[in-house]
Amino acid sequence: MTRGYFDPIEEIDTSPTISDEIKETTCYMCACRCGIKVHMKDGGIRYIEGNRDHPVNKGVLCAKGSAGIMNHYSPARLTKPLKRVGDRGQAEFKEIEWDEALELASTWLGDIRKSDPRKLAFFTGRDQSQALTGWWASQFGTPNHAAHGGFCSVNMAAGGIYTIGGSFWEFGEPDWDLTKYMLMFGVAEDHDSNPIKAGLSKLKKNGAKFVSLNPIRTGYSAIADEWIGIRPGTDGKFVLALVHELLKADKIDLEYIVRYTNLPWLVIQNPGEADDGLFVRGIDDEPICWDTGTNQAADARLAGVSPALTGSFTMEDGRKAVPAFALMAERYLDESYSPEEAEKETGVPARTIRRIAAEIADVAFEQQIEIDQPWTDWAGRKHDKMIGRPITMHAMRGISAHSNGFHTCRAIHLAPDSIGQYRLPGWLPV
Ligand code: SF4
């Protein structure tokens with residue numbers, strides 16, 4: 001008998017209960033730590049679901065995240081300590097119990113601690129407990145501790161700290177709502193995966209331009225408005241050529257530089273001597289600038305000074321000094337950072353580098369954001385609104401883990417600094 005059009009159909013339960021317990025935690029199949037709900041049945045993992053209430057992923061789960069169950073049950077997963085039984089390099093191990101492992105470890109560590117704790121080099125993998133393992137190593141007494149980050153993306157953090165005093169990398173996000181132009185350098189899709197996907201989709205919806213520099217056009221690069229197939233490891237040269245062009249075109253936010261950076265601080269010029277290249281310091285170790293208002297050296301941190309950004313000045317002790325900005329400008333205005341020179345290293349045509357620099361300048365200065373919110377800056381100066389430059393740059397391991405990664409990461413923090421991108425409170429550029 002065939003079923004009639006109005007006959008009741010079998011009801012299908014599209015969300016059957018498959019668990020007797022749900023544990024809320026974070027995924028660690030990559031570092032962005034999406035919120036997950038792990039469905040348990042009879043004490044085992046049955047299914048992993050994105051947690052809709054979690055701010056990072058809002059319920060989205062990528063394929064790696066849902067495959068976390070395979071990781072957990074992999075036959076290759078270590079479940080007990082392993083003791084090497086063969087010669088080093090022979091890969092011969094046997095499983096031992098925890099009591100034996102702890103006994104062995106405390107004997108080895110005890111001996112080292114009695115002689116010199118610094119002889120312990122303590123390395124951990126990528127886990128969620130580096131605060132604890134690092135603290136343990138400090139208590140033990142060794143400064144020689146690190147985790148996998150030193151070989152991975154930590155240059156993004158270190159480069160950020162050295163350049164602008166803070167790091168954001170994947171744990172701080174671009175402002176996806178306000179960005180109008182984004183440059184991404186060599187980010188693999190496994191990094192900060194769900195948040196970036198959601199963010200890029202927002203950028204697309206908002207009509208922002210997304211430029212991806214990556215030797216291969218996959219993943220994020222495949223949906224970029226412009227893909228630039230740069231030669232691996234040359235991103236730093238590309239960025240500094242942008243700085244060259246921005247300096248040449250005078251598209252630099254001098255007001256921001258004077259107020260919020262140490263580029264006005266004077267740097268000693270004393271070639272061949274130990275103090276060459278150090279900041280000039282006052283009697284209380286304060287940084288010194290040249291105040292154009294009084295035409296003399298002054299504490300660079302005072303709110304009322306008008307620091308010079310160029311020129312050469314003679315200090316009371318006879319030493320010559322120039323503002324850090326002048327050194328930066330001299331260096332990056334050099335022809336070795338011109339788009340033509342950068343083209344030779346990066347493989348990116350000089351005309352493309354020039355156009356990207358012009359686009360950045362246009363968005364930064366002609367399309368600036370103004371937020372009607374009074375605020376007070378670090379020096380106590382009051383401002384009636386916030387100004388933002390809606391450029392975002394994002395980079396991760398692809399450039400960071402390269403042999404020149406630290407300086408590339410510094411360059412990626414320096415370029416936005418030049419155009420005053422960090423001037424909007426709360427604005428996270430990378
Ligand atoms: S992006 Fe995917 S792998 Fe990374 S934490 Fe989120 S769900 Fe896990």
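## Strand pairing around Met40

Met40 has Ile45 of β3 as its bridge partner in this predicted model. Met40 belongs to strand β2, residues 35-41. Six bridges join β2 to β3, and the two strands run antiparallel.

The wider sheet is open and has three strands. Their order is β1-β2-β3, with antiparallel pairing. β1 (21-26) and β3 (44-50) stand at the edges. Each has a single partner strand, so one side of each is left without a neighbour in the sheet. From one strand to the next, the twist averages 30°.

## The ligand shell

Which residues surround the ligand? The shell consists of Cys27, Met29, Cys30, Cys32, Arg33, Cys34, Leu61, Cys62, Lys64, Gly65, Ser193 and Asn194. By class, these shell residues divide into seven nonpolar, three polar and two charged. Cysteines count as nonpolar in this division. Arg33 and Lys64 are among the residues around the ligand, and Arg and Lys count as charged.

Two helices contribute to the shell. α1 (63-66) and α6 (193-206) each supply at least two of its residues. Lys64 and Gly65 of the shell fall within the α1 range. Ser193 and Asn194, also in the shell, fall within the α6 range.

## The cavity

How many cavities of 30 Å³ or more are there? The count comes to one. The largest cavity has a volume of about 70 Å³. The space taken by the ligand is this largest cavity.

The lining of the largest cavity is made up of Cys27, Met29, Cys30, Cys32, Arg33, Cys34, Leu61, Cys62, Lys64, Gly65 and Asn194. Seven of these lining residues are nonpolar, two are polar and two are charged. Ser193 belongs to the shell around the ligand but is absent from the cavity lining. The polar count is three for the shell and two for the lining.

## The β12-β13 hairpin

A further antiparallel pair is formed by strand β12 (residues 288-291) and strand β13 (residues 296-299). Four bridges connect them. Asp291 of β12 stands opposite Gln296 in β13.

The hairpin has four residues between its strands. Where does phi turn positive in this hairpin? Asn295 takes a positive phi, near 55°.

Notes. Residues are numbered from 1 along each chain as its sequence is written. This is a predicted model: local features need pLDDT of at least 70, side-chain atom pairs count only at pLDDT 80 or more; totals for chains, interfaces and linings use all residues. Side-chain values use heavy atoms; hydrogens and water are left out. A residue is near a molecule or strand if one of its heavy atoms lies within 4 Å of it. On a 1 Å grid over the protein atoms alone, a cavity is a set of points where a 1.4 Å probe fits but cannot get out, and a pocket is an open set with protein on both sides within 12 Å along at least five of seven lines; lining residues have an atom within 4 Å of a point. A molecule sits in a cavity or pocket if more than half of its atoms lie within 2 Å of its grid points. Two strands pair if DSSP finds at least two bridges between them. Axes are lines fitted to C-alpha atoms, for helices over the stretch in contact, and angles run from 0 to 180 degrees between N-to-C directions. Grid points are joined across faces, edges and corners, and a volume is the space filled by probe spheres set on the points.
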